[in-house]
Amino acid sequence: FKEKFMKKLQSDLVEPLEGPKGRRFLLLVPELHMATARVYSVAGPLLTGPRRNATVFARRYLGKGKAPYFNRLQGAAEGLEPRLREVREKGERMFSRVFTMTGSGGAYFAPLEDGAGAQAHVFEAGGVRVEAIPVATS
């Protein structure tokens, strides 16, 4: 899995992280890559303001039925490459999940904590091939 995923993300380094065992996520991996430097160049104003406490930020989003995760680079990446927004929105409609960008652009993730199953799936959004890949922490 790691080798296949690393090839897809090209310049991103994917390494195992220590964390809770058995957490499940659904990844959306489009055949589309964003240059990190380019995303940061337009995200500057988003990153220079005061950082919000993650718990407060998450409560605000959870209260509105949105993702329990956030990524301040997501808006910048989707603004630079509108097909990313199309990938996320189609994935949200197809899987009834709220997806969050994994880094500075390319892939998205959504938790599968409600016991729902998910199968690997390929679809197209915005003219881009997208793989939906269920993963679990081990």
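**Exercises on a predicted chain**

Of the contacts in the chain (heavy atoms within 4.5 Å) with a separation of 6 or more, 67% are accounted for by residues 24 or more positions apart. The model is predicted, with local features needing pLDDT of at least 70 and side-chain atom pairs counting only at pLDDT 80 or more, while totals for chains, interfaces and linings use all residues. Residues are numbered from 1 along each chain as its sequence is written, and side-chain values use heavy atoms, leaving out hydrogens and water.

**Exercise 1.** Determine the order of helices and strands along the sequence.

*Solution.* Begin with the inventory, in which helices (DSSP runs of H or I, at least four residues) and strands (runs of E, at least two) are numbered from the N terminus: the chain has five helices and five strands. Then read along the sequence, which gives the pattern α-β-α-α-α-α-β-β-β-β.

**Exercise 2.** Establish how strand β5 is paired with β1 and with β4.

*Solution.* Strands pair if DSSP finds at least two bridges between them. Take β1 (residues 24-30) to begin with: its pairing with β5 (residues 128-136) is antiparallel and runs over seven bridges, with L27 opposite I133 of β5. Next, β4 (residues 121-125) also pairs with β5 in the antiparallel sense, over five bridges, and E124 has R129 in β5 as its bridge partner. Finally, inspect the hairpin of β4 and β5, where two residues lie between the strands and G126 takes a positive phi near 60 degrees.

**Exercise 3.** State what percentage of the residues is buried.

*Solution.* Apply the cut-off of under 20% relative accessible area (1.4 Å probe, protein chains only); buried residues then make up 34% of the 138 residues in the chain.

Definitions and conventions: Buried means under 20% relative accessible area, exposed over 50%, partly exposed in between (1.4 Å probe, protein chains only).
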